[in-house]
Amino acid sequence: MIAYRVRRPDRRGAEVVIARSADGERLAAIAALEKERFGAESLERPALVRTEDGRWRLYVSCATPGSKHWRIDLLEARRPEELSSAPSITVFSGDRHTGVKDPVIRYSDGAWRAWICCHPLDITGEEDRMTTAYATSADGVTWEWRGTALTGRAGSWDARGARVTAVLADGRAAYDGRATKEENFSERTGLATPGDRRGDLVATSDEPASTARYLDVLELPNGEYRIWYEFPLPDGSHELRTEAVAT
């Protein structure tokens, strides 16, 4: 199962689509959730997670109309196609100081872990700045913040901020970064390794590893990986691409 957002020229963050695929390449859409059902101005990167008892959860990034604020809502259903009609609740609300979006959610060994992109709202016109915070939960609904996991580095290609996009089982991670405000929507991918505290990450890329953004990684049973990412096109749009990567 794959969840992705659709952005049209005339409709910013129009909808989140859930698709079924046997190979990770050919996608068959089975459900779509339009931004209007959330009362959102835009939707961005979702997170789709299967629970221990086989149910499906979808965490959706929702923009508050007329502001730079974001929140994250949760929907749950027995089958993925039922998510389109499932009720939603807000699980990461943000506040007047911070917008929260683009969750990376991991569940293992009875524990829920999340890396959340945070945008400070204290300076008008500078809301594109970003850091990634770490949170934990016993049920995936009620979360406890554990502090900042990753930030940009002054004077580096990721000085404007760091947004975690994927975390592997061994703690290695990918993140989006950019050097300036003008590079908003043109982030590049960097790599990170686990820090001293659980959930913390340390950037290891002196230069971007790729010009793609929103990289996600699925670890396959054969030891290989399948990756998905947004790739920039000459006209300024992005397309969703995937590759199989050998170890």
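Which strands form an open sheet of three, and in what order? The answer is β16-β17-β18, with antiparallel pairing. This is a predicted model, so please read the points below in that light. Another open sheet has four strands, in the order β8-β9-β10-β11, and its pairing is antiparallel too. The notes below walk through these sheets, then the aromatic rings, and then a few individual residues.

**The sheet β16-β17-β18**

- The edges of this sheet are β16 (213-219) and β18 (238-245). Each has a single partner strand, so one side of each is left without a neighbour in the sheet.
- From one strand to the next, the twist averages 20 degrees.
- Strand β17 (residues 225-232) and β18 run antiparallel and are joined by eight bridges.
- Within this pairing, Tyr229 has Arg241 in β18 as its bridge partner.
- Arg241 also takes part in a contact with a ring: its charged end sits over Phe231, 3.8 Å from the ring centre.

**The sheet β8-β9-β10-β11**

- Here the edge strands are β8 and β11. With a single partner strand each, they have one side left without a neighbour in the sheet.
- The twist in this sheet averages 25 degrees from one strand to the next.
- Nine bridges connect β8 with β9, and the two strands run antiparallel.
- If you would like a landmark along that pairing, look at Val100, which stands opposite Cys118 in β9.

**Aromatic rings**

- A pair of aromatic rings is described by the distance of the centres and the angle of the planes.
- The count of aromatic pairs in the model comes to six.
- One of them joins Tyr107 and Trp112, with 4.7 Å from centre to centre and 45 degrees between the planes, a tilted arrangement.
- The two partners differ in exposure: Tyr107 is partly exposed, at a relative accessible area of 25%, whereas Trp112 is buried, at 4%.
- Another pair is formed by Trp115 and Tyr134, whose ring centres are 5.2 Å apart; their planes meet at 40 degrees, so this pair is tilted as well.
- Trp115 belongs to strand β9 and Tyr134 to strand β10 (residues 131-137), so the pair ties together parts that are 19 residues apart in sequence.
- Trp115 counts as buried at 2% relative accessibility, and Tyr134 counts as buried at 4%.
- Phe92, Trp143 and Trp145 come together in one aromatic cluster.
- A charge over a ring is also found at Phe38, where Arg37 lies over the face at 5.1 Å from the ring centre.

**Two aspartates with positive phi**

- Most residues other than glycine have a negative phi, and most peptide bonds are trans.
- Asp102 is not a glycine, yet it has a positive phi of about 55 degrees.
- Asp102 sits in strand β8 (residues 98-108) and is buried, with a relative accessible area of 0%.
- Asp109 likewise has a positive phi, of about 50 degrees, although it is not a glycine.
- The setting of Asp109 is the loop between β8 and β9 (111-120), and at 81% relative accessibility this residue counts as exposed.

**Asp158, a buried loop residue**

- Is Asp158 buried or exposed? Its relative accessibility is 0%, so Asp158 counts as buried.
- Asp158 is located in the loop between β11 (143-150) and β12 (161-167).
- Which residues does Asp158 contact, leaving aside its neighbours within four places in sequence? They are Gly152, Arg153, Tyr175, Gly177, Arg178 and Ala203.

**Ser85, an exposed loop residue**

- Ser85 lies in the loop between β6 (70-77) and β7 (88-92).
- With a relative accessibility of 63%, Ser85 counts as exposed.
- Ser85 and Arg213 are 128 residues apart in sequence, and their C-alpha atoms are 30 Å apart in space.

Note on methods
Residues are numbered from 1 along each chain as its sequence is written. This is a predicted model: local features need pLDDT of at least 70, side-chain atom pairs count only at pLDDT 80 or more; totals for chains, interfaces and linings use all residues. Side-chain values use heavy atoms; hydrogens and water are left out. Buried means under 20% relative accessible area, exposed over 50%, partly exposed in between (1.4 Å probe, protein chains only). Rings of Phe, Tyr and Trp (its six-membered ring) pair if their centres lie within 6.5 Å; planes under 30 degrees apart count as stacked, over 60 as edge-to-face and the rest as tilted. A charge sits over a ring if NZ of Lys or CZ of Arg is within 6 Å of the ring centre and within 35 degrees of the ring normal. Contact means heavy atoms within 4.5 Å. Two strands pair if DSSP finds at least two bridges between them. Axes are lines fitted to C-alpha atoms, for helices over the stretch in contact, and angles run from 0 to 180 degrees between N-to-C directions.
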